Amino acid sequence: MKPKTGVILVLLAAFVHIAAQNSDAEQNVEELLVETLVKPETCSLKSEMGDTVQIHYTGKLLADGKVIDSSLSRDPLVVELGKRTVIPGLEQSLVGVCEGQKIKTTIPPHLAYGKRGYPPTIPADAALQFEVEVMSLIQATPWQKMVNDVFPLVCLGLVPTLLGMVGLYLYNKANAQQPGKKKAKDKKSKKK
């Protein structure tokens, strides 16, 4: 083997090793990463849970950059924060953004589609990357916030109460004497 060939093989092996490490590092994303690409000059209103944002996005597989979904060819996606209408990692990255802001978020598998993936588009344990532009931000009114916070608790309290009332009604109905049977008993006792 010529010395030049040996050097080339060593360099090629080193390059392949580094490329494999970088690929593994991309797949081993453990935390949600959010990077601001564009922030508007004024940002007086930031999104909170309960607010509604309209976004345009492009989602890719982190491993190979393959586009899995994009809203650019259709209307913006409407997301009410806290309603779990999108994957958890994307929803979390939309908290604290301003109208007109652009972000890039890297989402670990456990905050995306997890071990099951979303076949055939998204493999199991895939880390995702989304570029998102916030088109509009609508703050929840105090009434909406109260309904979102209190209504589920009221419903949790009402369900056992309603079940108890139905049970009491059925119990009372079962123990109530039926008028037809009572008259028959009365007639028998009068004959004696």
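The exercises below, each with a worked solution, concern a predicted model of one protein chain.

**Exercise 1. Describe the order of helices and strands along the chain.**

Start with the count: the chain has four helices and six strands. Next, read from the N terminus, where the order of elements is α-β-β-β-β-α-β-β-α-α. Three of the strands return in the next exercises: E2 covers residues 52–61, E5 covers 102–107 and E6 covers 128–138.

**Exercise 2. Find which strands supply the largest nonpolar core, and which core residues touch the most other members.**

Begin with the size of the core, which is 23 residues. Those that touch the most other members are Val53, Ile55, Leu90, Leu94, Leu128, Phe130 and Val132. Then turn to the strands: E2, E5 and E6 each provide at least two residues of this core. E6 gives the most, with five residues. Finally, take Leu90 as an example. Leaving aside residues up to four places away in sequence, Leu90 touches Thr105, Ile107, Phe130 and Val132.

**Exercise 3. Locate the disulfide and decide for each of its cysteines whether the residue is buried, partly exposed or exposed.**

Step one is the search: the whole structure holds one disulfide. A disulfide is a covalent bond between the sulfur atoms of two cysteines. Here the partners are Cys43 and Cys98, with an S to S distance of 1.3 Å.

Step two is the position in the chain. Cys43 sits in the loop between strand E1 (33–38) and E2, and Cys98 in the loop between helix H2 (88–93) and E5. The two cysteines are 55 residues apart, so the pair links distant parts of the chain.

Step three is the accessible area. Buried means under 20% relative accessible area, and exposed means over 50%. Cys98 has 2%, so Cys98 is buried. Cys43 has 22%, so Cys43 is partly exposed.

**Exercise 4. Compare the UniProt annotation of residues 150–171 with the model.**

First, consult the record: an unreviewed UniProt entry lists residues 150–171 as "transmembrane region". Second, check the secondary structure of this span, which is 100% helix and 0% strand in the model. Third, take the ends: the end C-alpha atoms of residues 150–171 lie 32 Å apart.

**Exercise 5. Summarise burial, contacts and surface for the whole chain.**

Of the 192 residues, 24% count as buried. Among contacts with a separation of 6 or more, 69% come from residues 24 or more positions apart. The accessible surface comes to about 13900 Å², and carbon and sulfur atoms account for 60% of that surface.

Definitions and conventions
Residues are numbered from 1 along each chain as its sequence is written. This is a predicted model: local features need pLDDT of at least 70, side-chain atom pairs count only at pLDDT 80 or more; totals for chains, interfaces and linings use all residues. Side-chain values use heavy atoms; hydrogens and water are left out. A nonpolar core is a set of buried Ala, Val, Leu, Ile, Met, Phe, Trp, Tyr and Cys residues joined through side-chain atoms within 4.5 Å. Buried means under 20% relative accessible area, exposed over 50%, partly exposed in between (1.4 Å probe, protein chains only). Contact means heavy atoms within 4.5 Å. Accessible areas come from the Shrake-Rupley method with a 1.4 Å probe; for residues, only the protein chains shown count as cover. UniProt positions are given in the numbering used here, feature names are shortened, and annotations may be inferred rather than shown by experiment. A disulfide is a pair of cysteine sulfur atoms within 2.5 Å.
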